[in-house]
Amino acid sequence: MKNIAAILVVVTCCLAGNTALFAAERPQRVMKPAASTPDTSPAILSIIPAQAEPGGRVTIFGANFGGQISAFLGSVEIPAKVTDGRQLEFTVPPLDAGLYALYLKRGDGVVGRAYNFSVLPLRPVLIALSPDKISSCAQGGERDVTAVGRNFGETTFLFFDNASIKSRVLSPEAIAFRVPQVTGGLHQIMVKNSPENASVQLALEIETKPEISQVTRGNEYVNYYELLIEGKNFQQNSALYVDGLRIGGNSGQDSAAREKVIFIDCTRLVYQRFPYSPVAKDFRLQVVNPGNEGSQVINVSAP
C-alpha cells in the first residue's frame, strides 16, 4: 500500500509540473488601452480684460470656436465676432455690476468651460460745468451749477474738493448742485458711481476779482455828493483809487478824511465825494480788494 501511495504522489507532481509548463508556453493576449476622445468643445485660453464695465470690449483667445459661436455672461447671450478661428470679441451688455459665469456656446450646441468675469459699475464721465465760474458774492440760485456728462444714476455722488456735497441727478447726462460758500480760486469737481469708480476732475473757478459795471450819481448834500459804484466781488475792506489816490481799504477809513468809501454789499459801494468846484471834470476810478486784485479802470465825468 505504501508503494502505491508513493507512486500516486510522483504521478501527481509530474502532472502539475507539465500543466505549469504548458501554461508558461501558452501565448498571453495583450489588452490595448482604449483610445481617448479629443475634446472639441470651445476652449478659452485667455480673456482680455478679465473685467469690464458695460459697453467695454472683451477679447477671448482659444480654440474650437467653429463657424458660429456666442458668449454668455450668466444667462445673457452675447453675439461674438470670430477672427482666424482663434480669437473672438464681444461687447459687455448693460448688466448690473457683479461676478458672472463667462462661457462659450457653439452653433452646434456644445458648451465650453465657464470662467469668472467681473462686470464693473458703469464709470461716470464728466464733460463740462455750466457755468464753470461764479462770483464769490453770488447768492441763492446764482450759485447753482450743472455738471454735464453721461452715465449718471441713482448711486452717483458729486464731490467738491474731495468732499461729497448735496446734488440732484436731473438725467443720465446732468447733475445739479449749489456751490458752497468757499474761498476764491479754483476748486475741483468730480462724480463717483462707487468708491472706486470716479470721473476725471474739472475745475470750477470762484472769482474774487472786483468788477465795476456802472457808476451813477446818488444823493447830493450841501458840500458833497454820492457816487454809486455797482459791480461784483467788492469786499468790506475794498479800497477805491481816484486818479491814483487811495481812499479806504485795509487800514480802514481815516476819521479825519473827508472823502469816504462805504461798503453796502459785494455788489455796491458808495463814494462820498467832496468837490472843490461844481464844474464837471474827468477822473478815473478803480476798486482794489485786500488781496490786491483790482478792477478795470473806469473813466468818470463829474464835479
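A salt bridge is a side-chain nitrogen of Lys or Arg within 4 Å of a carboxyl oxygen of Asp or Glu. Keep that in mind for the exercises below, which explore a predicted model.

**Exercise 1. A salt bridge across the chain**

Task: Show that glutamate 205 and lysine 133 fulfil the salt-bridge criterion, and find where the two residues sit.

Solution:
- Step 1. Begin with the distance: the side chains of glutamate 205 and lysine 133 meet at 3.7 Å, N to O. The cut-off is 4 Å, so the pair qualifies.
- Step 2. Now locate the partners. Glutamate 205 belongs to strand 19 (residues 202-207) and lysine 133 to strand 11 (residues 133-135). They are 72 residues apart, and the pair links distant parts of the chain.
- Step 3. Check the surroundings. Glutamate 205 has a relative accessible area of 29%, which makes it partly exposed; lysine 133, with 39%, is partly exposed too.

**Exercise 2. Further salt bridges**

Task: The structure holds 9 salt bridges. Describe the one between aspartate 144 and arginine 178, then the one between glutamate 89 and arginine 57.

Solution:
- Step 1. In the salt bridge of aspartate 144 with arginine 178, the closest N and O atoms are 2.6 Å apart. Aspartate 144 is in strand 12 (residues 144-150) and arginine 178 in strand 16 (residues 174-178), so parts 34 residues apart in sequence are tied together.
- Step 2. Aspartate 144 is partly exposed at 35% relative accessible area, and arginine 178 is partly exposed at 46%.
- Step 3. Turn to glutamate 89 and arginine 57, whose side chains meet in a salt bridge of 3.0 Å, N to O. Here strand 7 (residues 87-91) holds glutamate 89 and strand 3 (residues 57-63) holds arginine 57, with their positions 32 residues apart.
- Step 4. Both count as partly exposed: glutamate 89 at 24% relative accessibility and arginine 57 at 48%.
- Step 5. Salt bridges can also join into a network, as they do for Glu207, Glu211 and Lys232.

**Exercise 3. Reading a sheet**

Task: Which strands stand at the edges of the open sheet of 4 strands, and why is one side of each left without a neighbour?

Solution:
- Step 1. Write down the strand order, 20-21-25-24, and note that the pairing is antiparallel.
- Step 2. Read off the ends: strand 20 (211-220) and strand 24 (260-265) are the edge strands. Each has a single partner strand, so one of its sides has no neighbour in the sheet.
- Step 3. Add the twist, which averages 25° from one strand to the next.
- Step 4. Look inside the sheet. Strand 21 (residues 225-232) and strand 25 (residues 268-273) run antiparallel and are joined by 6 bridges. Glutamate 230, for example, has arginine 268 in strand 25 as its bridge partner.

**Exercise 4. Rings**

Task: The whole structure has 3 aromatic pairs. Are the rings of tyrosine 221 and tyrosine 224 stacked or edge-to-face?

Solution:
- Step 1. The ring centres are 4.7 Å apart, and rings pair if their centres lie within 6.5 Å.
- Step 2. The planes stand at 20°. Planes under 30 degrees apart count as stacked, so this pair is stacked.
- Step 3. Ring pairs link Tyr221, Tyr224 and Phe274 into a cluster. Tyrosine 221 is partly exposed, at 41% relative accessibility.

**Exercise 5. A surface patch**

Task: Is leucine 45 buried or exposed, and which patch includes it?

Solution:
- Step 1. Leucine 45, found in strand 1 (residues 43-48), has 69% relative accessibility. Exposed means over 50%, so leucine 45 counts as exposed.
- Step 2. Leu45, Ile48 and Phe61 form a nonpolar surface patch, together having about 310 Å² of accessible area.

Technical notes
Residues are numbered from 1 along each chain as its sequence is written. This is a predicted model: local features need pLDDT of at least 70, side-chain atom pairs count only at pLDDT 80 or more; totals for chains, interfaces and linings use all residues. Side-chain values use heavy atoms; hydrogens and water are left out. Two strands pair if DSSP finds at least two bridges between them. Axes are lines fitted to C-alpha atoms, for helices over the stretch in contact, and angles run from 0 to 180 degrees between N-to-C directions. Patches are made of residues with over 30% relative accessible area and no salt bridge: like charges are joined within 9 Å, nonpolar side chains (Val, Leu, Ile, Met, Phe, Trp, Tyr) within 5 Å. Accessible areas come from the Shrake-Rupley method with a 1.4 Å probe; for residues, only the protein chains shown count as cover. Buried means under 20% relative accessible area, exposed over 50%, partly exposed in between (1.4 Å probe, protein chains only). Rings of Phe, Tyr and Trp (its six-membered ring) pair if their centres lie within 6.5 Å; planes under 30 degrees apart count as stacked, over 60 as edge-to-face and the rest as tilted.
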